[in-house]
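Here is a short briefing on a sheet and the helices around it. Please look over the sequence and the structure first.

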Amino acid sequence: MRKVISLNAASFILKGDLCDSLDRERLRTVPDGYLVCLDGLCAGAFSVLPEEYRALPVVDCSGKLIFPGLTDLHVHAPQYAFRGLGMDQELMEWLAANVFPEEARYADLAYARRAYRDFTQALTRSATTRACVFATVHRPATELLMDLLEESGLVAFVGKVNMDRDCPDDLRETTDGSVAETRRWLEETAGKYKRVRPILTPRFIPSCTDPLLDELGAMAAMTGLSVQSHLSENRGEVECVRRLRPDTAFYGDAYDRHGLFGSHGRAIMAHCVLSSDEEIARIRERGVYVAHCPQSNTNLASGVAPVRRYWDEGLNLGLGSDVAGGSSLSILRAMADAVQVSKLRWRLQDDSLRPLTVPEAFWIGTAGGGSFFGRVGLFRPGYEFDAVVLDDSRLTAPRPLTVAQRLERAVYLSEDRDVVRKFVQGREVSLPS
């Protein structure tokens, strides 16, 4: 077979050490296997290449790990500029001191272009192939971010943030202005992109008045657009919602009363660290996705989400980097963090919730979050062909390791520089140098 290097082929074969999930708890590995892409869809993973595919070009990645592209279900693009800074505060103080001053800078389109280019290049260089992204309240900068992500070849949902209360004056929108700018944003981006889609993005209940939430709920009902926001992340935030919305039974009920909790389109709620039994029941009932962001939850001293409970009860579950609450864009790092914090919750808080395993965290970061985008995150026939080729030769060992062992080490030890090729919907993404 001949080796072909092509960024444009939609039907081809990747050859290498394949790994995806057999089911929610077990890995499937195919050493020195063949991963077949037909017109942007996966046709299967094989130890012996079937005869009907032998005319296809082969991209030979022998000796390298090949696994499904990772999904970041919750990330703030404008916060990438100050990742790793201001980590000595809890959420509400951190927002006021770090997040809001940075996000106000995105009124300057030149600044936004520099910052969003850095973010887009870093995301492209990582093992992430799909992401759900918060922008800022600024419509022009949000459209610029969408343009850059479309050019990158990644698939993304991007949201113009809505805020009409309890934020600095240079970020606070009027209710009517927020609604008008959101409608204009949706009109100006309609049909513009192949890979990037809008998602309604009320920042969280403390920053949105009831009239604004009503209007966004009406938009969701009319358009079927998905929604992303934050839920039960931090004690101070939860108490703030309790004071602002004494009419609601729990935090998530405040979204639900406005049709923003999975009633009309899908919804992602990040964190869910402090969700009550009643809130968890509503999350399950509405099919809401929980974006588990373990690094952010530890950095901002929010706590440890009961991710084992969400897993065992079958909730829709994905991983988020939550940059800049999280300091790393790596969803491989998020897998390791998810395992580690689940051990702390089990040991220190609730010994009925056994820790996550690496195969379970891998599922959450691939098929779990990927399912928000459709048939994504597995090497199964009919799934969209998203694949990462990772060169783990830097991670030396004095004895042979299985593919599963090498994947586990990659979860804990790999870096973005180890990603050597990446494919999204069957098209190769050009990795920044």
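Which residues in H11 meet Ala410, Val411 and Tyr412 in H13? They are Leu332, Arg333, Met335, Ala336, Val339 and Gln340. Note that this is a predicted model. The points below start with that helix contact and then turn to the sheet.

**Helix pair H11 and H13**
- Helix H13 covers residues 403-413.
- The axes of H11 and H13 are 7 Å apart, and the two helices pack at an angle of about 90 degrees.
- H11 is therefore roughly perpendicular to H13, since angles of 65 to 115 degrees count as such.
- The residues of this contact comprise 7 nonpolar, 1 polar and 1 charged.

**Helix H11 and the sheet**
- Helix H11 spans residues 331-348.
- H11 lies across two strands, S5 and S6.
- Strand S6 holds residues 128-134.
- Relative to S5, H11 runs at about 90 degrees.

**The sheet**
- The sheet is open and has 4 strands.
- Their order is S5-S6-S7-S9, with parallel pairing.
- Strand S5 (70-76) and strand S9 (196-198) form the edges, and each of them pairs on one side only.
- On average, neighbouring strands here are turned by 20 degrees against each other, direction ignored.

**The S7 and S9 pairing**
- Strand S7 takes in residues 155-159.
- S7 and S9 run parallel and are joined by 3 bridges.
- Opposite Phe157 stands Arg197, which belongs to S9.

Notes. Residues are numbered from 1 along each chain as its sequence is written. This is a predicted model: local features need pLDDT of at least 70, side-chain atom pairs count only at pLDDT 80 or more; totals for chains, interfaces and linings use all residues. Side-chain values use heavy atoms; hydrogens and water are left out. Two strands pair if DSSP finds at least two bridges between them. Axes are lines fitted to C-alpha atoms, for helices over the stretch in contact, and angles run from 0 to 180 degrees between N-to-C directions. Contact means heavy atoms within 4.5 Å. Angles under 35 degrees count as roughly parallel, over 145 as roughly antiparallel, 65 to 115 as roughly perpendicular and the rest as oblique. Ala, Val, Leu, Ile, Met, Phe, Trp, Tyr, Cys and Pro count as nonpolar, Asp, Glu, Lys and Arg as charged, and the others, Gly among them, as polar.
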